[in-house]
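Me: Got a minute to go through this one with me? I'd like to start with how the strands pair up.

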Amino acid sequence: GVTHAYRTPAGPLPVLDGLDISVPAGTFAAVVGPSGCGKSTLTRLVAGLMTPDRGEVWLHGERVKSPRKTVGMAFQNPVLLEWRSILDN
């Protein structure tokens, strides 16, 4: 039931609305779609870089509440995470 919207001057822009997804251990899943459909938002939520407006994100039986060391992602633009050292980034 994950819901997330971005705040804009014109009001909230819904990106994910009641998303339910489960990927069984040992399997592979791909998220594909056009620009702006929520792929990066979903990835950031799973990585703990963002929190949903509603709902919960779970990974390996634990609720995701903060950035996770076990999740990596390639950003569309170069980004350094401020809580990590240069080597850790």
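Me: How many bridges join S1 to S2, and do they run parallel or antiparallel?
Reply: Strand S1 (residues 2-8) and strand S2 (residues 11-19) run antiparallel, with six bridges joining them. Keep in mind that this is a predicted model.

Me: What do S1 and S2 form, and how many residues sit between them?
Reply: They form a hairpin, and two residues lie between the strands.

Me: Which residue in S2 is the bridge partner of Tyr6?
Reply: That's Leu13. Tyr6 also turns up in another place, as one of the residues in contact with Thr41.

Me: OK, Thr41 then. Where is the place of Thr41?
Reply: Thr41 belongs to helix H1, which covers residues 39-47.

Me: Is Thr41 buried or exposed?
Reply: Buried, because its relative accessible area is 5%, and the cut-off for buried is under 20%.

Me: And leaving aside neighbours within four places in sequence, what is Thr41 in contact with?
Reply: His4, Tyr6, Val15, Leu16 and Met50. Set that against the strand ranges: His4 and Tyr6 fall within S1 (residues 2-8), while Val15 and Leu16 fall within S2 (residues 11-19). That puts Thr41 of helix H1 in contact with residues from both strands of the hairpin.

Me: Let's zoom out. What pattern does the chain follow along the sequence?
Reply: Reading along the sequence, you get β-β-α-β-β. In total there are one helix and four strands.

Me: What does the C-alpha trace span along its principal axes?
Reply: About 40 × 35 × 25 Å.

Me: What share of the residues count as buried?
Reply: 22% of the 89 residues. As for surface, the chain exposes about 6,900 Å², with carbon and sulfur atoms supplying 56% of that.

Me: How about contacts between residues at least 6 apart: what share join residues at least 24 apart?
Reply: 36% of them.

Me: Switching to charges: how many are positive, how many negative, and how far apart are their mean positions?
Reply: There are 9 positive and 7 negative charges, and their mean positions are 2 Å apart.

Me: Last one, Asp88. Where is its place, and is Asp88 buried or exposed?
Reply: Asp88 is in the segment after strand S4 (62-63). It counts as exposed because its relative accessibility is 53%, and the cut-off for exposed is over 50%.

Me: How far apart are Asp88 and Thr27 in sequence and in space?
Reply: They are 61 residues apart in sequence, and 28 Å apart in space, going C-alpha to C-alpha.

Conventions:
Residues numbered from 1 in each chain as written. Predicted model: local features only at pLDDT ≥ 70, side-chain atom pairs only at ≥ 80, totals over all residues. Heavy atoms only, no water. Buried < 20%, exposed > 50% of the residue type's maximum accessible area, 1.4 Å probe, protein only. Contact = heavy atoms within 4.5 Å. Areas by Shrake-Rupley, 256 points an atom, 1.4 Å probe, with all protein chains shown as cover. Lys, Arg positive; Asp, Glu negative; His and termini not counted. Charge placed at Lys NZ, Arg CZ, Asp CG, Glu CD. Pairing = 2+ DSSP bridges.
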